[in-house]
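Subject: Structure handover

Hello,

Here is the structure I said I would pass on. Please keep it open while you read the notes below it.

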Amino acid sequence: MTSEQLQAGYIFLVDKPLDWTSFQAVNKLKYKLKREFKELPKKFKIGHAGTLDPRATGLLIVCTGKFTKRIPEIQDAPKEYWAEVKIGVQTESYDTEKPEILHQDFSHITEEDIHKTLEKFVGEIDQKPPVFSALKIDGERAYNLARAGEEVEMKSRKTTIHYINDIKIDGALVSFIVGCSKGTYIRSLAHDIGQDLGVGGYLTQLRRTKIGDYSIENASEKFLDNDYHFEDI
């Protein structure tokens, strides 16, 4: 790899670690590239094609140089995730960022109930994004308002769940593969599944496995390692 190739355009498929923000991952990669390729200009173009929450792992696509123009096209592509939901309890953030609240007995919920509920969400649905999200409300990130204790009203919007399959149920934990359109919040899906079951639910694990034709199988954490060098690419 050369600095010329990076400026002409390159796509890195990064396997984002848990608790990293997408911004942190891009900054770390940019720092490493500029340290290794000293010919890169000061305003070297680099950016990710779709945010992945800190509490999620998996595929983060990072584009450099002229390929940053492809970011909107990649962002519009369908996504696939592996998700795990815990029923019978909720959190304010719809994931593990906030502590569990509102525990409810779910012993009456059968596996058939869970399968029927999941089926309801396949197709076009109305979904409210989580209040703990990066969406802007009057110029301010929703999660900043929520963390400051302010009342946040999120508007519903249309999104599409293409499929939910490979469903596994182990007590309170329900895992599945979900394919969805751009702008779908799997945290909200987890919350809504719990609400439909009548016992609550939240997202315990999330891993993005595909964006369009790009797959997690070809992604790696090594690009973020301090000791990794890009000369072999």
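The notes below go through the strands, the cavity, the aromatic rings and two loop residues. Please keep in mind that this is a predicted model.

Strand 4 and its neighbours

Start with strand 4, which covers residues 79-87. Seven of its nine residues are buried, so the strand is mostly covered. It pairs with two other strands in the list below.

- Strand 9: the two strands run antiparallel and are joined by eight bridges. Tyr81 has Val178 of strand 9 as its bridge partner.
- Strand 10: here too the pairing with strand 4 is antiparallel, this time over nine bridges. Glu80 has Lys210 of strand 10 as its bridge partner.

Ala83 is a residue of strand 4. With a relative accessible area of 0%, Ala83 is buried, because the limit for that word is under 20%. Its C-alpha atom is 4.6 Å from that of Leu206, although 123 residues separate the two along the chain. Leu206 belongs to strand 10, which spans residues 201-211.

When you look along these strands, one general point may help. In a regular strand, side chains alternate between the two faces of the sheet.

Strand 9 and the hairpin

How many residues of strand 9 are buried? Seven of the eight are, in a strand that runs over residues 173-180. Besides strand 4, strand 9 pairs with strand 8 (residues 157-170), again antiparallel, through seven bridges. In that pairing Tyr163 stands opposite Gly179 of strand 9.

Strand 8 and strand 9 make a hairpin, with two residues between them. Gly171 sits in the turn, and its phi is positive, at about 65°.

The cavity

Rolling a probe the size of a water molecule over the atoms shows where empty space is left. Over the whole structure, the search finds one cavity of 30 Å³ or more. The largest cavity holds about 60 Å³ of space.

Which residues line the largest cavity? They are Asp53, Arg55, Ala56, Asp95, Thr96, Arg187, Leu203, Thr204, Gln205 and Leu206. Strand 10 gives the largest share of this lining, with four residues. Sorted by class, the lining has four charged, three polar and three nonpolar residues. Leu206 appears here again as a lining residue, and it is the residue whose C-alpha atom lies 4.6 Å from that of Ala83.

Aromatic rings

There are six aromatic pairs in the structure. One of them joins Phe12 and Phe230 edge-to-face, with 5.8 Å from centre to centre and 80° between the planes. This pair links distant parts of the chain: Phe12 is in strand 1 (residues 10-16), Phe230 is in the segment after strand 11 (214-215), and the two positions lie 218 residues apart. Phe12 has a relative accessible area of 0% and is buried. Phe230 is buried too, also with a value of 0%.

Phe230 also pairs with Phe223: the ring centres are 6.2 Å apart and the planes are at 10°, so this pair is stacked. Phe223 counts as buried, with a relative accessibility of 9%. Taken together, ring pairs link Tyr10, Phe12, Phe223, Tyr228 and Phe230 into a cluster.

A charged side chain also meets a ring elsewhere in the model. Arg70 lies over the face of Phe67, 5.0 Å from the ring centre.

Two loop residues

Last, look at the loop between strand 4 (79-87) and helix 4 (111-120), where Tyr94 is placed. Tyr94 has a phi near 70°, which is positive in a residue other than glycine. Leu102 is found in the loop between strand 4 and helix 4 as well. Leu102 is not a glycine either, and its phi is positive at about 55°.

Is each of these two residues buried or exposed? Tyr94 has a relative accessibility of 18%, and because the limit for buried is under 20%, Tyr94 counts as buried. Leu102 is at 52%, and because exposed means over 50%, Leu102 counts as exposed.

That is the end of my notes.

Regards

How values were computed. Residues are numbered from 1 along each chain as its sequence is written. Side-chain values use heavy atoms; hydrogens and water are left out. Buried means under 20% relative accessible area, exposed over 50%, partly exposed in between (1.4 Å probe, protein chains only). On a 1 Å grid over the protein atoms alone, a cavity is a set of points where a 1.4 Å probe fits but cannot get out, and a pocket is an open set with protein on both sides within 12 Å along at least five of seven lines; lining residues have an atom within 4 Å of a point. Grid points are joined across faces, edges and corners, and a volume is the space filled by probe spheres set on the points. Ala, Val, Leu, Ile, Met, Phe, Trp, Tyr, Cys and Pro count as nonpolar, Asp, Glu, Lys and Arg as charged, and the others, Gly among them, as polar. Two strands pair if DSSP finds at least two bridges between them. Rings of Phe, Tyr and Trp (its six-membered ring) pair if their centres lie within 6.5 Å; planes under 30 degrees apart count as stacked, over 60 as edge-to-face and the rest as tilted. A charge sits over a ring if NZ of Lys or CZ of Arg is within 6 Å of the ring centre and within 35 degrees of the ring normal.
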